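Welcome! Here is a short guided walk through one part of a protein model, with a look at how its pieces sit together.

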Amino acid sequence: MALKVAAMAGLNVAGPFTVSSGASIETGLGFSDTTAIAGCKLQGWQSKRAVLFKTKAQSTPSVQCSGSGVSNGVPPAWPGRAVGEEVVKRNGPKPISLLGSTGSIGTQTLDIVAENPDRFKVVALAAGSNVTLLADQVKRFKPSLVAIRNEALAAELREAIADVYPKPEIMVGEEGTIEVARHPEAVTVVTGIVGCAGLKPTVAAIEAGKDIALANKETLIAGGPYVLPLAKKHGIKILPADSEHSAIFQCIQGLPEGGLRRIILTASGGAFRDWPVEKLKEVKVADALKHPNWSMGRKITVDSATLMNKGLEVIEAHYLFGVDYDDIDIVIHPQSIIHSMIETQDSSVLAQLGWPDMRLPILYTMSWPERIHCSEVTWPRLNFTKMGDLTFKVPDRAKYPSMNLSYAAGRAGGTMTGVLSAANERAVELFLDHKIGYLDIVSVIEKTCDKHRAELVLRPSLEEIVHYDSWARQYASEVGGKTGSKTPIAA
(Lines give C-alpha, C1' and ligand atoms only; values in the text may rest on other atoms or scores of the structure.)
Protein backbone atom coordinates (compact mmCIF):
# COMPACT_ATOMS: atom_id res chain seq x y z
CA MET A 1 0.00 0.00 0.00
CA ALA A 2 2.69 2.50 1.04
CA LEU A 3 4.92 1.81 -1.94
CA LYS A 4 1.95 2.07 -4.27
CA VAL A 5 0.91 5.47 -2.89
CA ALA A 6 4.47 6.76 -3.01
CA ALA A 7 4.99 5.46 -6.54
CA MET A 8 1.80 7.23 -7.68
CA ALA A 9 3.32 10.44 -6.37
CA GLY A 10 6.58 9.83 -8.24
CA LEU A 11 8.67 9.33 -5.09
CA ASN A 12 11.90 7.42 -4.86
CA VAL A 13 11.08 5.51 -1.69
CA ALA A 14 13.94 4.61 0.62
CA GLY A 15 13.86 2.73 3.89
CA PRO A 16 11.02 0.73 5.46
CA PHE A 17 7.69 2.47 5.06
CA THR A 18 4.47 0.75 6.05
CA VAL A 19 0.93 2.03 6.32
CA SER A 20 -1.70 0.17 8.26
CA SER A 21 -4.27 0.67 10.98
CA GLY A 22 -2.65 0.62 14.39
CA ALA A 23 0.88 0.51 12.97
CA SER A 24 3.99 2.55 13.59
CA ILE A 25 5.74 4.37 10.75
CA GLU A 26 9.46 4.46 10.12
CA THR A 27 10.65 6.07 6.92
CA GLY A 28 13.90 6.98 5.28
CA LEU A 29 12.24 9.81 3.34
CA GLY A 30 13.63 13.31 3.74
CA PHE A 31 11.51 15.99 5.42
CA SER A 32 10.25 17.59 2.21
CA ASP A 33 9.32 14.29 0.53
CA THR A 34 6.16 13.87 2.61
CA THR A 35 4.27 16.53 0.72
CA ALA A 36 4.45 14.57 -2.52
CA ILE A 37 2.55 11.54 -1.26
CA ALA A 38 -0.58 12.33 -3.23
CA GLY A 39 -1.57 15.06 -0.78
CA CYS A 40 -1.69 12.62 2.16
CA LYS A 41 -0.73 13.66 5.67
CA LEU A 42 1.09 11.42 8.13
CA GLN A 43 -0.78 11.43 11.42
CA GLY A 44 0.11 10.44 14.95
CA TRP A 45 0.80 13.54 17.02
CA GLN A 46 1.94 12.89 20.56
CA SER A 47 0.29 15.37 22.89
CA LYS A 48 1.52 18.94 22.25
CA ARG A 49 4.78 17.89 20.66
CA ALA A 50 5.11 15.77 17.55
CA VAL A 51 7.62 13.62 15.73
CA LEU A 52 6.83 13.76 12.05
CA PHE A 53 7.38 10.20 10.88
CA LYS A 54 6.76 8.11 13.98
CA THR A 55 3.36 7.19 15.34
CA LYS A 56 2.43 5.11 18.29
CA ALA A 57 -0.20 2.44 17.78
CA GLN A 58 -3.61 3.99 17.21
CA SER A 59 -7.08 2.83 16.26
CA THR A 60 -7.39 4.91 13.10
CA PRO A 61 -5.37 4.55 9.88
CA SER A 62 -2.01 6.30 9.97
CA VAL A 63 -2.54 7.96 6.61
CA GLN A 64 -5.52 10.22 5.96
CA CYS A 65 -6.04 11.88 2.60
CA SER A 66 -9.19 13.93 3.21
CA GLY A 67 -9.10 17.71 3.49
CA SER A 68 -8.74 18.92 7.05
CA GLY A 69 -9.23 22.68 6.84
CA VAL A 70 -6.96 24.81 8.98
CA SER A 71 -4.43 22.87 11.03
CA ASN A 72 -5.24 22.08 14.66
CA GLY A 73 -8.43 24.10 14.83
CA VAL A 74 -6.83 27.51 14.17
CA PRO A 75 -9.56 29.86 12.86
CA PRO A 76 -8.77 31.39 9.44
CA ALA A 77 -8.86 35.16 9.00
CA TRP A 78 -11.34 34.83 6.12
CA PRO A 79 -12.95 31.36 5.98
CA GLY A 80 -13.28 31.02 2.20
CA ARG A 81 -15.35 34.18 1.73
CA ALA A 82 -15.41 37.88 2.55
CA VAL A 83 -18.50 40.00 3.06
CA GLY A 84 -17.90 43.72 2.63
CA GLU A 85 -19.02 45.92 5.47
CA GLU A 86 -21.31 48.86 4.96
CA VAL A 87 -19.19 51.85 4.02
CA VAL A 88 -19.40 54.46 6.76
CA LYS A 89 -18.30 57.93 5.72
CA ARG A 90 -15.40 58.96 7.90
CA ASN A 91 -15.13 62.46 9.29
CA GLY A 92 -11.63 63.16 8.01
CA PRO A 93 -8.81 60.90 6.77
CA LYS A 94 -8.25 57.43 8.25
CA PRO A 95 -5.36 57.50 10.76
CA ILE A 96 -2.73 54.80 10.23
CA SER A 97 0.44 53.61 11.93
CA LEU A 98 3.21 52.31 9.72
CA LEU A 99 5.77 49.70 10.78
CA GLY A 100 8.84 49.57 8.55
CA SER A 101 8.38 53.01 7.01
CA THR A 102 11.75 53.13 5.23
CA GLY A 103 11.42 49.73 3.54
CA SER A 104 9.81 48.93 0.22
CA ILE A 105 6.30 48.43 1.66
CA GLY A 106 6.67 51.48 3.87
CA THR A 107 7.74 53.90 1.15
CA GLN A 108 4.97 52.72 -1.19
CA THR A 109 2.43 53.10 1.62
CA LEU A 110 3.57 56.67 2.12
CA ASP A 111 3.27 57.31 -1.63
CA ILE A 112 -0.39 56.31 -1.30
CA VAL A 113 -0.89 58.61 1.70
CA ALA A 114 0.77 61.50 -0.13
CA GLU A 115 -1.54 61.02 -3.12
CA ASN A 116 -4.65 60.70 -0.96
CA PRO A 117 -4.31 63.16 1.94
CA ASP A 118 -8.09 63.40 2.21
CA ARG A 119 -8.29 59.64 2.80
CA PHE A 120 -5.30 58.80 5.01
CA LYS A 121 -3.02 60.42 7.54
CA VAL A 122 0.03 59.02 9.32
CA VAL A 123 -0.04 59.21 13.12
CA ALA A 124 3.01 57.06 13.87
CA LEU A 125 6.09 55.72 12.06
CA ALA A 126 8.56 52.98 12.96
CA ALA A 127 11.81 52.27 11.11
CA GLY A 128 15.05 50.37 11.58
CA SER A 129 18.19 52.42 10.98
CA ASN A 130 17.73 54.66 7.90
CA VAL A 131 17.82 57.97 9.76
CA THR A 132 18.02 60.16 6.67
CA LEU A 133 14.91 58.73 5.03
CA LEU A 134 13.00 58.53 8.31
CA ALA A 135 13.74 62.20 9.02
CA ASP A 136 12.45 63.17 5.58
CA GLN A 137 9.29 61.17 6.23
CA VAL A 138 8.76 62.87 9.60
CA LYS A 139 9.12 66.30 7.99
CA ARG A 140 6.62 65.45 5.27
CA PHE A 141 3.94 63.49 7.13
CA LYS A 142 4.16 65.02 10.65
CA PRO A 143 3.47 61.92 12.78
CA SER A 144 2.99 62.40 16.52
CA LEU A 145 5.14 59.35 17.38
CA VAL A 146 8.32 58.03 15.76
CA ALA A 147 10.29 54.93 16.67
CA ILE A 148 13.74 53.90 15.51
CA ARG A 149 14.81 50.34 16.27
CA ASN A 150 18.55 51.11 16.45
CA GLU A 151 18.80 52.92 19.77
CA ALA A 152 22.26 54.30 18.97
CA LEU A 153 20.74 56.44 16.21
CA ALA A 154 18.15 58.26 18.35
CA ALA A 155 20.32 61.34 18.91
CA GLU A 156 21.07 61.59 15.18
CA LEU A 157 17.34 61.42 14.43
CA ARG A 158 16.56 64.16 16.97
CA GLU A 159 19.15 66.40 15.36
CA ALA A 160 17.84 65.65 11.85
CA ILE A 161 14.30 66.74 12.77
CA ALA A 162 15.30 69.65 15.01
CA ASP A 163 13.42 72.11 12.79
CA VAL A 164 10.19 70.08 12.74
CA TYR A 165 7.22 71.57 14.56
CA PRO A 166 5.33 70.22 16.34
CA LYS A 167 8.01 67.75 17.34
CA PRO A 168 7.00 64.09 17.51
CA GLU A 169 7.73 61.89 20.48
CA ILE A 170 10.74 59.67 19.72
CA MET A 171 11.01 56.14 21.09
CA VAL A 172 13.61 53.46 20.48
CA GLY A 173 14.00 49.71 20.20
CA GLU A 174 11.29 47.09 20.15
CA GLU A 175 9.35 48.96 22.83
CA GLY A 176 9.11 51.98 20.54
CA THR A 177 7.92 49.87 17.62
CA ILE A 178 5.24 48.30 19.82
CA GLU A 179 4.01 51.73 20.91
CA VAL A 180 3.74 52.79 17.26
CA ALA A 181 1.71 49.65 16.60
CA ARG A 182 -0.80 50.42 19.34
CA HIS A 183 -0.94 54.20 18.91
CA PRO A 184 -4.34 55.25 20.33
CA GLU A 185 -5.33 57.27 17.25
CA ALA A 186 -4.53 54.61 14.66
CA VAL A 187 -7.40 52.66 13.10
CA THR A 188 -5.23 50.50 10.83
CA VAL A 189 -1.62 49.38 11.22
CA VAL A 190 0.40 48.64 8.09
CA THR A 191 2.98 45.98 9.00
CA GLY A 192 5.95 46.26 6.66
CA ILE A 193 8.72 44.97 8.96
CA VAL A 194 10.55 41.98 7.51
CA GLY A 195 10.94 38.82 9.56
CA CYS A 196 9.84 37.77 13.02
CA ALA A 197 10.72 41.25 14.31
CA GLY A 198 7.25 42.29 13.15
CA LEU A 199 5.42 39.64 15.18
CA LYS A 200 5.34 41.23 18.65
CA PRO A 201 4.32 44.68 17.35
CA THR A 202 1.54 43.06 15.31
CA VAL A 203 0.31 41.20 18.38
CA ALA A 204 0.34 44.48 20.31
CA ALA A 205 -1.72 46.14 17.56
CA ILE A 206 -4.27 43.30 17.61
CA GLU A 207 -4.58 43.49 21.39
CA ALA A 208 -5.18 47.23 21.04
CA GLY A 209 -8.03 46.57 18.59
CA LYS A 210 -6.32 47.77 15.41
CA ASP A 211 -7.07 46.31 11.99
CA ILE A 212 -3.94 44.91 10.35
CA ALA A 213 -2.85 45.65 6.77
CA LEU A 214 -0.61 42.62 6.62
CA ALA A 215 2.59 42.85 4.59
CA ASN A 216 4.69 40.86 7.07
CA LYS A 217 4.53 37.18 6.08
CA GLU A 218 5.96 35.91 9.36
CA THR A 219 2.90 37.14 11.27
CA LEU A 220 0.95 34.16 9.94
CA ILE A 221 3.69 31.80 8.72
CA ALA A 222 5.38 31.74 12.14
CA GLY A 223 2.61 33.11 14.32
CA GLY A 224 -0.60 31.83 12.72
CA PRO A 225 -1.47 29.34 15.48
CA TYR A 226 -1.19 32.19 18.03
CA VAL A 227 -2.18 35.28 16.06
CA LEU A 228 -5.39 34.04 14.41
CA PRO A 229 -7.17 33.02 17.63
CA LEU A 230 -6.05 36.35 19.12
CA ALA A 231 -7.47 38.29 16.15
CA LYS A 232 -10.75 36.44 16.50
CA LYS A 233 -10.86 37.17 20.23
CA HIS A 234 -10.39 40.91 19.67
CA GLY A 235 -12.65 41.10 16.63
CA ILE A 236 -10.09 42.71 14.34
CA LYS A 237 -9.55 42.20 10.63
CA ILE A 238 -6.34 40.93 9.03
CA LEU A 239 -6.24 42.31 5.49
CA PRO A 240 -3.55 40.88 3.17
CA ALA A 241 -1.30 43.48 1.55
CA ASP A 242 0.84 41.29 -0.72
CA SER A 243 -0.28 40.95 -4.32
CA GLU A 244 -1.22 37.25 -4.35
CA HIS A 245 -3.30 37.17 -1.19
CA SER A 246 -4.87 40.51 -2.00
CA ALA A 247 -5.90 39.01 -5.34
CA ILE A 248 -7.51 36.06 -3.58
CA PHE A 249 -9.15 38.37 -1.05
CA GLN A 250 -10.62 40.45 -3.86
CA CYS A 251 -11.88 37.34 -5.65
CA ILE A 252 -13.71 35.96 -2.61
CA GLN A 253 -15.67 39.15 -2.00
CA GLY A 254 -19.33 38.15 -1.79
CA LEU A 255 -18.62 34.46 -2.37
CA PRO A 256 -21.34 32.29 -0.75
CA GLU A 257 -20.42 30.15 2.21
CA GLY A 258 -18.74 26.96 1.02
CA GLY A 259 -18.28 28.37 -2.48
CA LEU A 260 -14.47 28.26 -2.57
CA ARG A 261 -12.99 25.09 -4.05
CA ARG A 262 -9.35 25.85 -4.82
CA ILE A 263 -6.73 28.62 -4.67
CA ILE A 264 -4.28 29.07 -7.55
CA LEU A 265 -1.23 31.16 -6.68
CA THR A 266 0.64 32.60 -9.64
CA ALA A 267 4.43 32.90 -9.63
CA SER A 268 6.68 34.78 -12.02
CA GLY A 269 9.27 32.01 -11.80
CA GLY A 270 11.93 34.46 -10.66
CA ALA A 271 15.33 35.16 -12.10
CA PHE A 272 16.01 31.56 -13.21
CA ARG A 273 12.72 30.51 -14.74
CA ASP A 274 14.41 30.15 -18.14
CA TRP A 275 17.65 28.64 -16.86
CA PRO A 276 18.28 24.88 -17.15
CA VAL A 277 18.61 23.14 -13.80
CA GLU A 278 22.17 22.12 -14.63
CA LYS A 279 23.26 25.77 -14.79
CA LEU A 280 22.04 26.69 -11.28
CA LYS A 281 25.33 25.63 -9.71
CA GLU A 282 26.89 28.64 -11.47
CA VAL A 283 24.48 31.21 -9.98
CA LYS A 284 26.02 34.41 -8.64
CA VAL A 285 24.32 36.80 -6.22
CA ALA A 286 23.92 39.39 -8.97
CA ASP A 287 22.10 36.79 -11.09
CA ALA A 288 19.60 36.03 -8.34
CA LEU A 289 18.80 39.73 -7.86
CA LYS A 290 17.68 40.26 -11.47
CA HIS A 291 13.93 39.82 -11.14
CA PRO A 292 12.27 39.93 -14.56
CA ASN A 293 9.07 41.73 -13.45
CA TRP A 294 9.09 43.21 -9.96
CA SER A 295 11.23 45.78 -8.17
CA MET A 296 11.66 44.40 -4.66
CA GLY A 297 14.14 44.09 -1.81
CA ARG A 298 17.13 41.74 -2.04
CA LYS A 299 15.77 39.02 0.25
CA ILE A 300 12.36 38.70 -1.41
CA THR A 301 14.00 38.76 -4.86
CA VAL A 302 16.14 35.75 -3.92
CA ASP A 303 13.02 34.07 -2.48
CA SER A 304 11.36 34.59 -5.85
CA ALA A 305 14.31 32.92 -7.58
CA THR A 306 14.12 29.83 -5.32
CA LEU A 307 10.28 29.99 -5.33
CA MET A 308 10.42 29.94 -1.53
CA ASN A 309 8.31 33.09 -1.59
CA LYS A 310 5.53 31.07 -3.19
CA GLY A 311 5.97 28.22 -0.74
CA LEU A 312 5.59 30.68 2.13
CA GLU A 313 2.55 32.16 0.40
CA VAL A 314 0.95 28.71 0.27
CA ILE A 315 1.23 28.54 4.06
CA GLU A 316 -0.08 32.08 4.44
CA ALA A 317 -3.02 31.34 2.13
CA HIS A 318 -3.85 28.28 4.22
CA TYR A 319 -4.03 30.39 7.37
CA LEU A 320 -5.79 33.36 5.78
CA PHE A 321 -8.54 31.53 3.93
CA GLY A 322 -8.88 28.16 5.67
CA VAL A 323 -8.11 26.14 2.53
CA ASP A 324 -6.48 22.72 2.81
CA TYR A 325 -2.97 22.37 1.37
CA ASP A 326 -4.30 19.83 -1.15
CA ASP A 327 -6.43 22.64 -2.61
CA ILE A 328 -3.71 25.28 -3.01
CA ASP A 329 -1.80 25.13 -6.31
CA ILE A 330 1.13 27.08 -7.75
CA VAL A 331 1.40 27.92 -11.45
CA ILE A 332 4.19 29.79 -13.25
CA HIS A 333 2.81 32.90 -14.98
CA PRO A 334 5.80 34.82 -16.40
CA GLN A 335 3.92 38.04 -17.22
CA SER A 336 2.75 38.66 -13.61
CA ILE A 337 -0.52 40.16 -14.84
CA ILE A 338 -2.82 37.65 -13.12
CA HIS A 339 -1.88 37.98 -9.47
CA SER A 340 -3.77 34.88 -8.34
CA MET A 341 -7.02 33.01 -8.95
CA ILE A 342 -9.70 31.05 -7.17
CA GLU A 343 -11.83 28.19 -8.42
CA THR A 344 -15.40 27.99 -7.13
CA GLN A 345 -17.39 24.84 -6.48
CA ASP A 346 -19.05 25.00 -9.90
CA SER A 347 -15.57 25.07 -11.57
CA SER A 348 -15.69 28.78 -12.46
CA VAL A 349 -12.32 30.52 -12.11
CA LEU A 350 -12.08 34.12 -10.89
CA ALA A 351 -8.86 36.09 -11.28
CA GLN A 352 -7.54 39.51 -10.31
CA LEU A 353 -5.43 41.25 -12.96
CA GLY A 354 -3.24 44.34 -13.00
CA TRP A 355 0.21 45.63 -13.84
CA PRO A 356 2.95 44.45 -11.43
CA ASP A 357 2.58 47.25 -8.85
CA MET A 358 2.58 46.62 -5.11
CA ARG A 359 0.74 49.87 -4.39
CA LEU A 360 -2.61 48.46 -5.51
CA PRO A 361 -2.82 45.63 -2.94
CA ILE A 362 -1.52 47.98 -0.23
CA LEU A 363 -4.15 50.56 -1.14
CA TYR A 364 -6.91 47.94 -1.06
CA THR A 365 -6.01 46.82 2.47
CA MET A 366 -5.99 50.43 3.63
CA SER A 367 -9.29 51.34 2.00
CA TRP A 368 -11.35 48.12 2.18
CA PRO A 369 -14.30 47.78 1.70
CA GLU A 370 -14.08 50.97 -0.38
CA ARG A 371 -12.50 51.40 -3.82
CA ILE A 372 -10.54 54.63 -4.19
CA HIS A 373 -10.25 56.38 -7.54
CA CYS A 374 -6.65 56.56 -8.76
CA SER A 375 -5.00 58.93 -11.23
CA GLU A 376 -4.16 57.45 -14.64
CA VAL A 377 -0.87 59.33 -14.51
CA THR A 378 0.51 57.60 -11.41
CA TRP A 379 -1.59 54.41 -11.67
CA PRO A 380 -1.53 53.25 -15.32
CA ARG A 381 -4.67 51.36 -16.24
CA LEU A 382 -4.45 47.84 -17.60
CA ASN A 383 -4.58 47.78 -21.39
CA PHE A 384 -5.37 44.31 -22.72
CA THR A 385 -4.17 45.16 -26.22
CA LYS A 386 -0.74 46.19 -24.91
CA MET A 387 -0.04 43.49 -22.38
CA GLY A 388 0.35 40.70 -24.94
CA ASP A 389 -0.03 36.98 -24.32
CA LEU A 390 -0.67 35.45 -20.92
CA THR A 391 1.10 32.12 -20.49
CA PHE A 392 1.22 29.47 -17.77
CA LYS A 393 3.27 26.40 -16.98
CA VAL A 394 3.73 23.84 -14.24
CA PRO A 395 6.64 24.69 -11.91
CA ASP A 396 9.65 22.40 -12.25
CA ARG A 397 10.09 20.77 -8.83
CA ALA A 398 13.70 19.88 -9.65
CA LYS A 399 14.42 23.58 -10.20
CA TYR A 400 12.28 24.64 -7.24
CA PRO A 401 12.74 22.07 -4.42
CA SER A 402 11.49 24.67 -1.96
CA MET A 403 7.93 23.79 -3.06
CA ASN A 404 8.00 20.28 -1.57
CA LEU A 405 9.72 21.60 1.54
CA SER A 406 7.11 24.33 2.09
CA TYR A 407 4.12 22.03 1.67
CA ALA A 408 5.70 19.54 4.08
CA ALA A 409 6.29 22.25 6.70
CA GLY A 410 2.77 23.56 6.24
CA ARG A 411 1.27 20.13 6.76
CA ALA A 412 3.40 19.64 9.88
CA GLY A 413 1.99 22.91 11.21
CA GLY A 414 2.77 24.50 14.56
CA THR A 415 6.29 25.86 14.94
CA MET A 416 7.57 24.09 11.81
CA THR A 417 6.42 26.85 9.47
CA GLY A 418 8.18 29.50 11.54
CA VAL A 419 11.36 27.41 11.55
CA LEU A 420 11.08 27.08 7.77
CA SER A 421 10.76 30.85 7.37
CA ALA A 422 13.53 31.75 9.81
CA ALA A 423 15.95 29.19 8.35
CA ASN A 424 15.20 30.54 4.88
CA GLU A 425 15.86 34.10 5.98
CA ARG A 426 19.22 33.13 7.46
CA ALA A 427 20.18 30.96 4.49
CA VAL A 428 19.42 33.80 2.09
CA GLU A 429 21.57 36.15 4.21
CA LEU A 430 24.44 33.67 3.99
CA PHE A 431 24.00 33.45 0.23
CA LEU A 432 23.90 37.23 -0.19
CA ASP A 433 27.08 37.44 1.90
CA HIS A 434 28.76 34.88 -0.45
CA LYS A 435 29.11 32.36 2.38
CA ILE A 436 27.07 29.58 0.78
CA GLY A 437 26.13 28.75 -2.79
CA TYR A 438 22.70 29.24 -4.33
CA LEU A 439 21.94 25.51 -4.29
CA ASP A 440 22.83 25.37 -0.58
CA ILE A 441 19.91 27.62 0.39
CA VAL A 442 17.22 24.94 0.32
CA SER A 443 19.63 22.33 1.72
CA VAL A 444 20.29 24.48 4.80
CA ILE A 445 16.55 25.03 5.31
CA GLU A 446 15.68 21.34 4.97
CA LYS A 447 18.35 20.26 7.44
CA THR A 448 17.06 22.83 9.93
CA CYS A 449 13.46 21.64 9.55
CA ASP A 450 14.57 18.02 9.86
CA LYS A 451 16.38 18.82 13.12
CA HIS A 452 13.25 20.55 14.49
CA ARG A 453 10.99 17.52 13.99
CA ALA A 454 11.61 16.18 17.52
CA GLU A 455 10.61 19.47 19.17
CA LEU A 456 7.66 20.54 17.04
CA VAL A 457 5.01 22.43 19.04
CA LEU A 458 1.55 22.37 17.49
CA ARG A 459 -0.14 25.15 19.49
CA PRO A 460 2.78 27.37 20.49
CA SER A 461 2.78 30.38 22.76
CA LEU A 462 4.23 33.65 21.52
CA GLU A 463 7.38 32.94 23.53
CA GLU A 464 7.77 29.52 21.87
CA ILE A 465 7.32 31.04 18.42
CA VAL A 466 10.04 33.60 19.11
CA HIS A 467 12.31 30.97 20.70
CA TYR A 468 12.18 28.62 17.72
CA ASP A 469 12.64 31.50 15.31
CA SER A 470 15.88 32.34 17.08
CA TRP A 471 16.89 28.69 17.29
CA ALA A 472 16.30 28.14 13.56
CA ARG A 473 18.48 31.09 12.61
CA GLN A 474 21.31 29.86 14.82
CA TYR A 475 21.07 26.28 13.60
CA ALA A 476 20.89 27.39 9.95
CA SER A 477 24.04 29.44 10.51
CA GLU A 478 25.80 26.36 11.88
CA VAL A 479 24.65 24.22 8.96
CA GLY A 480 25.64 26.92 6.48
CA GLY A 481 29.11 27.06 7.99
CA LYS A 482 29.60 23.37 7.23
CA THR A 483 28.54 23.40 3.58
CA GLY A 484 32.02 24.08 2.28
CA SER A 485 30.69 25.86 -0.82
CA LYS A 486 30.68 29.53 -1.64
CA THR A 487 28.72 31.74 -4.01
CA PRO A 488 30.63 32.36 -7.24
CA ILE A 489 31.71 35.99 -7.36
CA ALA A 490 31.74 37.80 -10.68
CA ALA A 491 35.08 39.13 -11.78
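Strands S13 (residues 338-344) and S14 (residues 349-353) form a hairpin with four residues between them. In the turn, Ser347 has a positive phi of about 80°. Please keep in mind that this is a predicted model.

The two arms of the hairpin pair in the antiparallel sense over five bridges, and Glu343 has Val349 of S14 as its bridge partner. How many residues of S13 are buried? The count is seven of its seven, so to speak a strand that is mostly covered.

The hairpin belongs to something wider. Four strands form an open sheet in the order S12-S11-S13-S14, with mixed pairing. S12 (328-332) and S14 stand at the edges with a single partner strand each, so one side of each is left without a neighbour in the sheet. From one strand to the next, the twist averages 20°. The pairings are gathered here:

| Strands | Sense | Bridges |
|---|---|---|
| S11 and S12 | parallel | five |
| S11 and S13 | antiparallel | five |
| S13 and S14 | antiparallel | five |

Within the sheet, Ile264 is a good residue to look for: its bridge partner in S13 is Met341, and in S12 its bridge partner is Asp329. Strands of a sheet pair through backbone hydrogen bonds, either parallel or antiparallel.

Now turn to the helices. Helix H9 (residues 243-251) lies across S11, S13 and S14, and runs at about 40° to S13. H9 also meets helix H12 (residues 308-321): their axes come within 10 Å and cross at roughly 35°, in a right-handed crossing. On the H9 side, the contact is made by Glu244, His245, Ile248 and Phe249, while H12 contributes Lys310, Glu313, Glu316, Ala317, Leu320 and Phe321. By class, that makes five nonpolar, one polar and four charged residues.

Which residues touch the most other members of the largest nonpolar core? They are Ile263, Phe321 and Phe431, in a core of 99 residues. Helix H16 (residues 416-432) gives the largest share of this core, ten residues. Another core, of 30 residues, lies apart from it, with Ile105, Ile112, Val122 and Ile372 among its members.

Ile263 helps to connect the pieces of this tour. Leaving aside residues up to four places away in sequence, Ile263 touches Ile248, Ala317, Phe321, Val323, Asp327, Ile328, Asp329, Met341 and Ile342. Two of the names in that list, Ala317 and Phe321, also appear on the H12 side of the helix contact.

Notes: Residues are numbered from 1 along each chain as its sequence is written. This is a predicted model: local features need pLDDT of at least 70, side-chain atom pairs count only at pLDDT 80 or more; totals for chains, interfaces and linings use all residues. Side-chain values use heavy atoms; hydrogens and water are left out. A nonpolar core is a set of buried Ala, Val, Leu, Ile, Met, Phe, Trp, Tyr and Cys residues joined through side-chain atoms within 4.5 Å. Buried means under 20% relative accessible area, exposed over 50%, partly exposed in between (1.4 Å probe, protein chains only). Contact means heavy atoms within 4.5 Å. Axes are lines fitted to C-alpha atoms, for helices over the stretch in contact, and angles run from 0 to 180 degrees between N-to-C directions. A crossing is left-handed if the near helix is turned anticlockwise from the far one by less than a right angle, and right-handed if clockwise. Ala, Val, Leu, Ile, Met, Phe, Trp, Tyr, Cys and Pro count as nonpolar, Asp, Glu, Lys and Arg as charged, and the others, Gly among them, as polar. Two strands pair if DSSP finds at least two bridges between them.
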